[in-house]
Amino acid sequence: MTNRKPKVIVTRRLPEAVEARMAELFEATFNGDDIPFSRAQLIEAVRTAECLVPTVTDRIDRSVLSQAGGQLKLIANFGNGTDNIDVAAAGEKGILVTNTPNVLTEDTADMTIGLMIAVARRFDEGVDALREGAFKGWSPTWMLGRRIWGKKLGIVGMGRIGTAVARRAKAFGLNIHYHNRNRVAEQIEQELEATYWESLDRMLAHMDIVSVNCPHTPATFHLISARRLQLMPPGSIIVNTARGEIIDQNALVSALQQGQLAGAGLDVLEHEPAVSPELMELSHQGKAVLLPHMGSATIEGRQEMGERVIINIRVFMDGDKPPDRVLPNMD
Ligand code: 8YV
């Protein structure tokens with residue numbers, strides 16, 4: 001490692017220990033008040049930093065990157081998904097992009113299972129009822145939800161997180177089905193007793209619960225379209241802990257309003273942080289459980305994400321290939 005400290009700009013406040021380590025290793029600038037950068041601030045950052053550390057709330061698009069000075073060599077994203085960054089445009093300017101895979105897999109999978117159960121077993125409504133003083137004593141017919149044991153779960157995107165969801169879901173007695181661009185290794189299929197569906201349409205038509213676990217790319221934007229939502233069996237449930245843009249949110253609202261789907265569990269929203277009034281209304285009606293993008297929000301996870309960012313920057317400064325390089329999406 002050279003002794004020279006690279007100029008690193010971090011766009012959001014990170015866990016204290018991560019910032020402290022970064023301050024030791026780098027000439028680092030932090031965002032103390034944690035207000036997301038404006039476009040002008042992002043442009044200023046790409047003009048001055050050697051390494052930028054953005055998050056999902058920063059849109060590093062082609063036009064921002066066109067303003068980057070020659071000193072910017074690395075964008076070390078604090079996050080797994082890199083749909084906030086135009087990786088191809090960065091590549092054209094010789095800027096490398098890295099992310100933080102693996103360290104948030106288990107936390108996100110936990111949240112996915114949590115949402116499935118929350119929707120099927122009406123957690124939200126139960127908590128609301130109790131808080132509002134509507135709990136007048138146990139009743140044989142009150143707050144009945146749906147059993148998840150023995151039901152069919154269709155996982156859309158069987159990467160690291162999808163596989164971690166499948167492992168948990170199997171323990172909850174769900175039958176695992178999946179759709180993925182590529183079939184996973186036979187050994188994993190056997191371990192999970194998983195059924196591969198080459199056709200997403202056909203899989204959706206047979207599932208009780210669908211979990212969205214693929215990355216957001218141009219190819220997966222509105223992958224779960226109005227037409228596909230209509231293919232899902234009446235009374236089925238959909239859960240999304242990936243990216244809001246993968247589901248056509250307006251179409252999902254209609255499917256829930258019409259009772260085509262029984263419920264949705266969404267940790268991510270299209271156009272977040274905005275919550276559409278229709279979705280909010282559906283959450284009041286107990287038809288949607290909505291969370292504010294908390295899938296990886298554990299103390300351990302955010303610490304480890306920071307550590308990955310530091311490793312990527314250090315290895316890069318040493319002149320080696322950082323471990324978590326992201327390649328432009330070819331879709
Ligand atoms: C992160 C996520 O918190 O890593 C991801 O892709 O969706 C989140 O869990 C966020 O992206 C941080 O930038």
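A residue is termed buried when its relative accessible area is under 20%, exposed when it is over 50%, and partly exposed in between. These classes are applied here to a predicted model, with attention to its salt bridges and to one nonpolar patch on its surface.

By these limits, Asp34 is partly exposed because its relative accessible area is 23%. The side chain of Asp34 forms a salt bridge with that of Arg12, with an N to O distance of 2.9 Å. Asp34 belongs to the loop between β2 (27–29) and α2 (39–48), whereas Arg12 belongs to the loop between β1 (7–10) and α1 (16–25); the pair therefore ties together parts that are 22 residues apart in sequence. Arg12 has a relative accessible area of 17% and is therefore buried. The bridge between Asp34 and Arg12 thus pairs a partly exposed acidic residue with a buried basic one.

The structure contains 16 salt bridges, including a contact within a helix. In this contact, the closest N and O atoms of Glu24 and Arg21 are 2.5 Å apart. Both residues are located in helix α1 and are separated by three residues, about one turn of the helix. Arg21 is partly exposed, as its relative accessibility is 34%.

A further salt bridge joins the side chains of Lys170 and Glu193, with 3.2 Å from N to O. This pair links distant parts of the chain, 23 residues apart: Lys170 lies in helix α7 (residues 160–171), and Glu193 in the loop between α8 (186–192) and β8 (195–196). The two partners fall into separate accessibility classes: Lys170, with a relative accessible area of 30%, is partly exposed, while Glu193, at 56% relative accessibility, counts as exposed.

Salt bridges also occur in a linked arrangement. Arg62, Asp86 and Glu92 are connected in a network of such contacts.

Apart from these charged contacts, the surface carries a nonpolar patch. Leu130, Phe135 and Trp142 together make up this patch, which covers about 320 Å². Of its members, Leu130 is located in helix α6 (residues 123–131). The relative accessibility of Leu130 is 55%, so this residue counts as exposed. Membership of a patch requires over 30% relative accessible area and no salt bridge, and the value of 55% for Leu130 is consistent with the area criterion because it is over that limit.

Key. Residues are numbered from 1 along each chain as its sequence is written. This is a predicted model: local features need pLDDT of at least 70, side-chain atom pairs count only at pLDDT 80 or more; totals for chains, interfaces and linings use all residues. Side-chain values use heavy atoms; hydrogens and water are left out. Patches are made of residues with over 30% relative accessible area and no salt bridge: like charges are joined within 9 Å, nonpolar side chains (Val, Leu, Ile, Met, Phe, Trp, Tyr) within 5 Å. Accessible areas come from the Shrake-Rupley method with a 1.4 Å probe; for residues, only the protein chains shown count as cover. A salt bridge is a side-chain nitrogen of Lys or Arg within 4 Å of a carboxyl oxygen of Asp or Glu. Helices (H or I, at least four residues) and strands (E, at least two) are DSSP runs, numbered from the N terminus. Buried means under 20% relative accessible area, exposed over 50%, partly exposed in between (1.4 Å probe, protein chains only).
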